[in-house]
Amino acid sequence: MNFSIVVFPGSNCDEDMVYALREILGQKVNKVFHKETSLPQNTDCVIVPGGFSYGDYLRSGAIARFSPIMSAIQQHAQKGGLVWGICNGFQILTEAGLLEGVLLKNNHQKYSCKNIYLKPATKNTLLTQHLSLEKTYKIPIAHGDGRFYADGNTLKSLQDNEQILFYYADNQGIVNENTNPNGSLLNIAGICNKSKNVFGMMPHPERASDERSGNIDGKTLFLSFLGQ
Amino acid sequence: MNFRVEINVMTKKEILDPQGKAVKLGLTNVGINAIKDVRIGKHIVLDLEADNEEDAKQKAEISCKKLLANLIMEDYHYTISTL
């Protein structure tokens, strides 16, 4: 697959993503600066990586959403192209209206940097197709604004259309208040759009893809995305 | 004409404001116990040129709706004055 990784001022997970996709998964990767107005030809998937775009000023992702490259990403998504936002990338995609809901400040007022366990909510998406609903996946989170929120109607349509990708769980797969690291509604850790070609999630699979890091559950997510 | 638009952006009432919660605790530590609730928002001041007040209002509305507030989580109010 051809991946284009967008770099905003303040992005800081772009190199980790390049490393995971290129070195570990053997994929073709281009970095695209946010001032570009078009994506490299043959882009299959746009990755909007984590970081603190524009210093998280105003709201996380709010200013990046109007960077020049974003129009090309909107068009790519409208044509059915794949877009995957991680952490700050997820926040940018909600601000851009490519994904529903919003990411608010963590309910406990702290920045959370730790491993959590993800429980897939569906197998009917590219990202989760080869994951097991019976398993949990250990993936790190690192965010201050990760509390997923949407109004009641939106939440219901996310459930009805199987747009929820992952819940925050414990290693046994239990999903409740105690396994919720930030106060997200329904323990939601990631969602996709209705057409299931735009994905967003707060946890960082690229940080759990190299054996030397002691955890390769993130690689399992990438492999599922790649249909393997 | 030059106008000043003073905008307040507040998190919607039904949404938990952790910052406000922390500051409420701080105010209790200061010794003020009568405070029932604290909510924190943003105050944004725009100085702009516009043909008239209506034009300034339109510019303020677009600024708020497109960038300054996220209507899923926030409400906004503003006042306009001439400079």
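Is A:Asp210 buried or exposed, and at what relative accessibility? In this predicted model, A:Asp210 counts as buried, at 17% relative accessibility. The cut-off for buried is under 20% relative accessible area, so a value of 17% falls within that class.

## A:Asp210 and its surroundings

A:Asp210 sits in a loop of chain A, between strand S11 (198–201) and helix H5 (217–225). Leaving out residues up to four places away in sequence, A:Asp210 touches A:Tyr19, A:Ile24, A:Asn215 and A:Ile216. With one of these, A:Tyr19, the side chain of A:Asp210 makes a polar contact of 2.7 Å.

The side chain of A:Asp210 also takes part in a salt bridge with that of A:Arg212, at 3.0 Å from N to O. As general background, side chains of opposite charge can pair when their charged atoms come close. The two partners fall into separate accessibility classes: A:Arg212 is exposed, with a relative accessible area of 71%, whereas A:Asp210 is buried at 17%.

## Salt bridges

How many salt bridges are there over all chains? The count comes to 12. Three of them are set out in the table, with the distance between the closest N and O atoms for each pair.

| Residue | Partner | N to O distance |
|---|---|---|
| A:Arg59 | B:Glu74 | 3.5 Å |
| A:Lys156 | A:Asp160 | 2.7 Å |
| A:Arg212 | A:Asp210 | 3.0 Å |

The pair A:Lys156 and A:Asp160 lies within one helix, H4 (residues 152–160) of chain A. The two residues are 4 residues apart in that helix, so about one helical turn separates them. A:Lys156 is partly exposed, with a relative accessible area of 48%, and A:Asp160 is exposed, at 51%. The cut-off for exposed is over 50%, which means that 51% counts as exposed while 48% counts as partly exposed.

The bridge between B:Glu74 and A:Arg59 has its closest N and O atoms 3.5 Å apart. B:Glu74 belongs to strand S3 (residues 74–82) of chain B, and A:Arg59 to the loop between strand S3 (45–48) and helix H2 (69–78) of chain A, so this pair joins two chains. Both ends are buried: B:Glu74 at 4% relative accessibility, and A:Arg59 with a relative accessible area of 6%.

Salt bridges that share partners link A:Arg59, A:Glu95, B:Lys42 and B:Glu74 into one network.

## Where chain A meets chain B

How many residues does each chain bring to the contact? Chain B gives 17 residues and chain A gives 15 residues. Together the two chains bury about 1400 Å², and 67% of this area is on carbon and sulfur atoms. On the side of chain B, the residues that lose the most area to chain A are B:Pro18, B:Leu67 and B:Ile72, which together account for 37% of what that side buries.

Across this interface there is 1 salt bridge by the rule used. The same search of the interface gives 6 residue pairs in polar contact, both residues being at pLDDT 80 or more. Helix H1 (18–30), strand S2 (42–49) and helix H2 (53–68) of chain B each supply at least two residues of the side that touches chain A. The largest share of that side, 4 residues, comes from H1(B). By type, the residues of chain B that touch chain A divide into 10 nonpolar, 2 polar and 5 charged.

## B:Ile80 in chain B

B:Ile80 lies in strand S3 of chain B and counts as partly exposed, at 21% relative accessibility. Leaving aside neighbours within four places in sequence, B:Ile80 is in contact with B:Phe3, B:Arg4, B:Val5, B:Glu53, B:Ala56 and B:Lys57. B:Ile80 and B:Pro18 are 62 residues apart in sequence, and their C-alpha atoms are 30 Å apart in space.

## Cysteines

A disulfide is a covalent bond between the sulfur atoms of two cysteines. How many disulfides does a search of the whole structure find? The search finds 0 over all chains. For A:Cys192, the nearest cysteine sulfur is that of A:Cys45, 13 Å away. The cut-off for a disulfide is 2.5 Å between the sulfur atoms, so A:Cys192 is in no disulfide. A:Cys192 is buried, with a relative accessible area of 1%, and B:Cys64 is buried as well, at 0%.

Key. Residues are numbered from 1 along each chain as its sequence is written. Chains are lettered from A and ligands numbered from 1 in the order in which they are written. This is a predicted model: local features need pLDDT of at least 70, side-chain atom pairs count only at pLDDT 80 or more; totals for chains, interfaces and linings use all residues. Side-chain values use heavy atoms; hydrogens and water are left out. Buried means under 20% relative accessible area, exposed over 50%, partly exposed in between (1.4 Å probe, protein chains only). A polar contact is a pair of N or O atoms within 3.5 Å; within protein, one must be able to donate a hydrogen and the other to accept it, and residues adjacent in sequence count only if both atoms are side-chain atoms. Contact means heavy atoms within 4.5 Å. Buried area is the accessible area (1.4 Å probe) that two parts lose on being put together, summed over both. A salt bridge is a side-chain nitrogen of Lys or Arg within 4 Å of a carboxyl oxygen of Asp or Glu. Ala, Val, Leu, Ile, Met, Phe, Trp, Tyr, Cys and Pro count as nonpolar, Asp, Glu, Lys and Arg as charged, and the others, Gly among them, as polar.
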